[in-house]
Amino acid sequence: MTLANASLFHHFSTIEDPRINRQKLHQLQDIFFITICGIISGADNWVAIEAYGKAKLDWFKEILELKNGIPSHDTLGKVFAAIDAKQFSHCFTNWVADLSTLSEGDVIAIDGKCVRRSLDKASNKAAIHVVSAWAHQNRLVLGQVKVDDKSNEITAIPKLLEQLDITGAVVTIDAMGCQRAIAKQIIDQGGDYLFSLKGNQGTLHDDVREWFESQKYDQTTYTELDYGHGRIETRQVSVSNEIDWLKQRHNWPYLNSIIAVTATRECGDKVSQETRYFISSLDTDDKKRLGHAVRAHWSVENELHWTLDVAFDEDQCRTRNGHSAANLTTLRHVALNLIKAEKTAKVGVKIKRLKAGWDNKYLLKLFGIY
């Protein structure tokens with residue numbers, strides 16, 4: 001059994017070791033393997049990972065040399081604080097590309113998340129904000145980019161897109177990323193876009209809203225029904241491609257359709273209704289595909305961000321030094337992808353983490369080396 005044969009460790013073997021020689025008491029690959037095993041098995045910070053490693057020391061010695069035992073939590077923190085976060089993220093993206101082939105026409109949802117407890121008031125450091133790409137059908141994180149300090153998602157999204165192969169995919173982004181340059185980049189890279197509209201694009205949102213409300217145009221409408229947990233939701237999806245007037249007024253690149261989705265939610269005696277508007281490079285020939293792309297975008301919230309907070313306790317993590325917070329986010333994404341890719345255990349992420357902590361054979365199975 002060797003780690004070198006596993007795709008994950010092959011791709012991350014190119015990481016530059018930031019330590020000077022006299023500080024290299026532990027091999028970088030050993031540190032990486034112990035850390036990933038710990039995170040998969042329920043250890044959510046450096047102290048917990050050290051404790052996990054010591055509890056599994058005999059098992060780790062069957063796989064690794066570990067001449068100096070398990071690295072301390074201080075060592076783990078210092079190493080990942082020093083590793084270049086951009087290089088670490090690129091290694092992740094290359095690994096995911098090798099791990100799974102993107103399904104034709106899959107929806108790639110791009111959204112940002114703030115790791116709230118990474119805020120460091122004493123050092124005047126804001127909490128880190130990471131923009132991630134989530135493949136809806138494959139249920140995998142495709143890549144992530146940390147938003148630069150004193151910047152926002154608008155500058156991070158193009159950097160993330162550059163790392164990804166989006167050929168044939170539909171890229172969905174909320175209103176923050178609704179930018180002409182981003183739309184053009186998606187088309188240039190071989191994908192299609194679907195953007196949510198709000199008030200950040202001047203009169204574009206109002207023009208689309210008024211167009212649908214006027215009911216003086218040729219539109220196609222269909223209805224979807226969803227229910228569960230005592231709630232019934234009816235979605236009316238309306239699409240139109242009669243938008244030459246909109247193109248002339250706003251000069252949006254490759255714009256082919258506008259979409260209105262009116263969601264009516266019934267929960268007991270309470271009824272609420274909300275209409276959201278979208279623009280897309282997709283045509284209206286397949287209106288259900290447009291409706292699917294709208295729904296699929298929210299999987300980045302429900303299946304990625306929610307899982308990171310609930311199953312990995314991400315929002316409570318206080319890791320702050322250097323690149324450690326950004327790299328730990330990438331490590332969680334590694335763990336989540338390995339867990340999601342394993343299909344034989346028909347249980348949720350949290351139970352799979354426990355199972356990996358209990359069963360060494362199952363843990364190695366996640367890595368594809370057993």
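Colleague: What makes the contact between the side chains of Glu342 and Lys365 a salt bridge?

Modeller: This is a predicted model, and in it the N to O distance of the pair is 4.0 Å. A salt bridge needs a side-chain nitrogen of Lys or Arg within 4 Å of a carboxyl oxygen of Asp or Glu, so the pair of Glu342 and Lys365 qualifies. The two residues belong to distant parts of the chain: Glu342 is in the loop between α13 and α14 (349-358), Lys365 is in helix α15 (residues 360-367), and they are 23 residues apart.

Colleague: Why does Glu342 count as buried?

Modeller: Its relative accessibility is 6%, and buried means under 20%. Lys365 is at 37%, which falls between that limit and the 50% above which a residue is exposed, so Lys365 counts as partly exposed.

Colleague: Which residues do salt bridges with shared partners join into one network?

Modeller: Lys113, Asp309, Glu314 and Arg332. Over the whole structure, the search finds 14 salt bridges.

Colleague: How do you know that Arg139 forms a salt bridge with Glu303?

Modeller: Their closest N and O atoms are 2.6 Å apart, and the cut-off is 4 Å. Arg139 lies in the loop between β2 (129-135) and β3 (140-146), while Glu303 lies in helix α12 (residues 299-310), so this pair ties together parts that are 164 residues apart in sequence. As for their surroundings, Glu303 is buried at 18% relative accessible area, and Arg139 is partly exposed at 27%.

Colleague: What makes Lys67 and Glu65 a salt bridge?

Modeller: The closest N and O atoms are 3.9 Å apart, and that is within the 4 Å limit. Both Lys67 and Glu65 are exposed. In general, side chains of opposite charge can pair when their charged atoms come close.

Colleague: What sets Leu66 apart in its phi?

Modeller: Phi of Leu66 is near 50 degrees, a positive value, and Leu66 is not a glycine. Most residues other than glycine have a negative phi. Leu66 is in the loop between α4 (57-63) and α5 (73-82) and is buried at 7% relative accessibility. Asn251 also has a positive phi, about 55 degrees. Its place is in the loop between α10 (244-250) and β8 (257-267); at 60% relative accessible area, Asn251 is exposed.

Colleague: Why is the aromatic pair of Phe9 and Phe32 called edge-to-face?

Modeller: The structure holds 19 aromatic pairs. For Phe9 and Phe32, the ring centres are 5.7 Å apart and the planes are at 80 degrees. Centres within 6.5 Å make a pair and planes over 60 degrees apart make it edge-to-face, so both tests are met. Phe9 lies in helix α1 (residues 7-12) and Phe32 in helix α2 (residues 28-40), so the pair ties together parts 23 residues apart in sequence. Phe9 and Phe32 are buried.

Colleague: What makes the pair of Phe80 and Phe88 edge-to-face?

Modeller: The ring centres are 6.1 Å apart and the planes are at 70 degrees, so the same name applies. Phe80 and Phe88 are buried. One aromatic cluster includes Phe9, Phe32, Phe80 and Phe88, with Trp46 and Trp59 also among its members.

Colleague: Why is Asn327 called buried?

Modeller: Its relative accessibility is 0%, and buried means under 20%. Asn327 is in helix α13 (residues 324-341). Beyond residues up to four places away in sequence, Asn327 touches Phe80, Ile83, Asp84, Ala85 and Phe88.

Colleague: How do you know that the charged end of Arg353 sits over the ring of Phe312?

Modeller: The charged end is 4.0 Å from the ring centre, and the distance limit is 6 Å. Lys355 lies over the face of Tyr362, at 4.9 Å from the ring centre.

Colleague: What makes Asn152 a cap for α7?

Modeller: A side-chain oxygen of Asn152 lies 3.0 Å from the backbone nitrogen of Ile154, at the N-terminal end of α7. A polar contact needs such atoms within 3.5 Å. In helix α7 (residues 153-163), the buried residues include Ile157, Leu160 and Leu161. The helix's buried residues pack against α6 (85-99), β1 (107-114), β2, β3, β4 (170-173) and α8 (180-188).

Colleague: How many disulfides does the structure hold?

Modeller: Zero. Among the cysteines, Cys178 is buried at 0% relative accessible area, and Cys114 is partly exposed at 23%.

Notes: Residues are numbered from 1 along each chain as its sequence is written. Side-chain values use heavy atoms; hydrogens and water are left out. Helices (H or I, at least four residues) and strands (E, at least two) are DSSP runs, numbered from the N terminus. Buried means under 20% relative accessible area, exposed over 50%, partly exposed in between (1.4 Å probe, protein chains only). Contact means heavy atoms within 4.5 Å. Rings of Phe, Tyr and Trp (its six-membered ring) pair if their centres lie within 6.5 Å; planes under 30 degrees apart count as stacked, over 60 as edge-to-face and the rest as tilted. A charge sits over a ring if NZ of Lys or CZ of Arg is within 6 Å of the ring centre and within 35 degrees of the ring normal. A disulfide is a pair of cysteine sulfur atoms within 2.5 Å. A polar contact is a pair of N or O atoms within 3.5 Å; within protein, one must be able to donate a hydrogen and the other to accept it, and residues adjacent in sequence count only if both atoms are side-chain atoms.
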